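Welcome! Here is a friendly walk through a protein structure that may be new to you. Take a moment to look at the sequence and the 3D view before reading on.

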Amino acid sequence: MSLLSSMPVATDKIAGGSVVSDGIVSDGIVSDSVVSDKDERRRELSAFLRSRRERIQPEEVGFAPGGRRRTPGLRREEVAQLAGVGVTWYTWLEQGRDINVSAQVLEAISRTLRLDRLERNHLYTLAGIALGPGKSDCSALPGSVQKMLGQLSPYPALVLNSRYDVLAFNDSYCKVILDLDAVPLEERNLLWLTFVSDEWQCSFVDGEAVEQHLVAGYRAASAEHLSEPSWQDLTERLLASSPLFAELWQRYDVAAPSSKIKVLGNERVGILRMESVSLWVSQVARMRMITYTPVDEETESKLHTLVNC
């Protein structure tokens, strides 16, 4: 059941006949992937800053309301004033220009825009400022994980990567939530299943909140993968296929995986109240196991009925 599936400085200079760009030397050629990554990060950083600025009302931070404003929320010069940075500098940053930025300045902007911890980390990532050790790109799934999933029955469980691809799942997940065995490999992605696929048969009663959190989690995770073709392709296909995803994507909200009580509607046994808990299989490779456990005896009984029939 496993699926085998400061802002970067753009100053170029000549060094012995070669081009040096962001520490990468080539014989007169700048790597397309480097340029693409920088461009994507700048665009994303620009849109993210603008979206966070526009959600803060002037009166919330001591400015007089009213007056003619061409944009909702704060003006750029107001953000610059509150953060203690130059208006021109902040304008260039939000416009996605190639300028140097320090952690101290980002911290001031984070406070001014009232970013929460995850939003702050997202800002640092987009700006190319490291918050900790680099992460490996390893994505191998240990064979023991599938055995562990089987032992969790009757509790549904699956393993996801940060792009929400389904890497593994157990029989309980198929019987209680969605029969992933019947879903083509290329569609085993929670975003695709939620917003596009017709295969999703189990209904989350709080579906709107689930959808919002799912897109916000994907937005946060994508900051580290903006130039990767697989991520770009998934985002573009979702935007083209789902107006709802496109609407939520434009909000620029970010979220982290969390444990929540979820209410599911199953056509055979009715309402199931379960808590979803994320357990890291590998923090380095960003793989996590999500297990759904019952929060009451009635749901526990229904799970046994569904799984053991």
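The paragraphs below go from the whole chain to a few helices, loops and single residues.

Please keep in mind that this is a predicted model. The protein chain folds into 12 helices and 9 strands. Of its 309 residues, 45% are buried. About 15,600 Å² of the chain is exposed, and carbon and sulfur atoms supply 50% of that area.

Let us begin with Arg-55, which sits in the loop between α1 (32–54) and α2 (76–83). Is Arg-55 buried or partly exposed? Its relative accessible area is 36%, so Arg-55 counts as partly exposed. Setting aside residues up to four places away in sequence, Arg-55 touches Leu-113, Arg-114, Leu-115 and Glu-119. With one of these, Arg-114, there is a polar link: the side chain of Arg-55 reaches the backbone oxygen of Arg-114 at 3.5 Å. Pro-72 is worth finding as well, since it lies 17 residues from Arg-55 along the chain, with 7.2 Å between the two C-alpha atoms.

Next comes α2 itself. Among its residues, Glu-78, Val-79, Ala-80 and Ala-83 are buried. Just after the helix, Gly-84 takes a positive phi of about 75°. How does α2 meet another helix? Two packed helices are described by the angle between their axes and the distance between the axes. For α2 and helix α4 (residues 103–112), the axes come within 9 Å and cross at roughly 115°. The contact is made by Val-79, Leu-82 and Ala-83 on the α2 side, and by Ala-108, Ile-109 and Thr-112 on the α4 side. The crossing of α2 and α4 is right-handed. Two names come back here: Val-79 and Ala-83 are buried in α2, and both take part in the contact with α4.

Helix α3 covers residues 87–94. Which of its residues are buried? They are Tyr-90, Thr-91, Leu-93 and Glu-94. These residues cover an arc of only 160° around the axis, so they lie on the same side of α3. A general rule helps in picturing this: an α-helix has 3.6 residues a turn, so residues three or four places apart point the same way. After α3 comes Gly-96, with a positive phi near 80°.

Now move along to the loop between α6 (144–151) and β4 (157–160), where Pro-154 is found. The peptide bond joining Ser-153 and Pro-154 is cis, with omega about 15°. Pro-156 lies in this loop between α6 and β4 too. Is Pro-156 buried or exposed? At 0% relative accessibility, Pro-156 counts as buried. Leaving aside neighbours within four places in sequence, Pro-156 is in contact with Asn-170, Ser-172, Tyr-173, Val-176, Ile-177, Met-274, Ile-290, Thr-291, Tyr-292 and Leu-303. One of these partners, Ile-290, is 134 residues away in sequence, yet its C-alpha is 8.4 Å from that of Pro-156.

Another partner of Pro-156 is Thr-291, which takes its place in strand β9 (residues 287–294). Thr-291 has a relative accessible area of 8%, so it is buried. Not counting residues up to four places away in sequence, it touches Leu-152, Tyr-155, Pro-156, Ala-157, Glu-275, Ser-276 and Val-277.

Two tyrosines deserve a look for their backbone angles. Tyr-164 has a phi near 70°, a positive value in a residue other than glycine. It is in the loop between β4 and β5 (166–169), and its relative accessibility of 6% makes it buried. Tyr-252 is not a glycine either, and its phi is positive, at about 60°. Tyr-252 lies in the loop between α11 (243–249) and β7 (260–266). At 12% relative accessibility, Tyr-252 counts as buried.

The last stop is His-225, in the loop between α9 (207–222) and α10 (229–241). What does His-225 touch, not counting residues up to four places away in sequence? Its contacts are Ser-162 and Trp-231. With a relative accessible area of 14%, His-225 is buried, whereas Arg-55, where the tour of single residues began, is partly exposed.

Notes: Residues numbered from 1 in each chain as written. Heavy atoms only, no water. Buried < 20%, exposed > 50% of the residue type's maximum accessible area, 1.4 Å probe, protein only. Helix = DSSP H or I, 4+ residues; strand = E, 2+ residues; numbered from the N terminus. Arc of directions from axis to C-beta. Areas by Shrake-Rupley, 256 points an atom, 1.4 Å probe, with all protein chains shown as cover. Contact = heavy atoms within 4.5 Å. Polar contact = N/O pair within 3.5 Å; in protein donor to acceptor, adjacent residues only side chain to side chain. Axes fitted to C-alpha atoms, helices over the stretch in contact; angles between N-to-C directions. Left-handed = near helix turned anticlockwise from the far one by under 90°.
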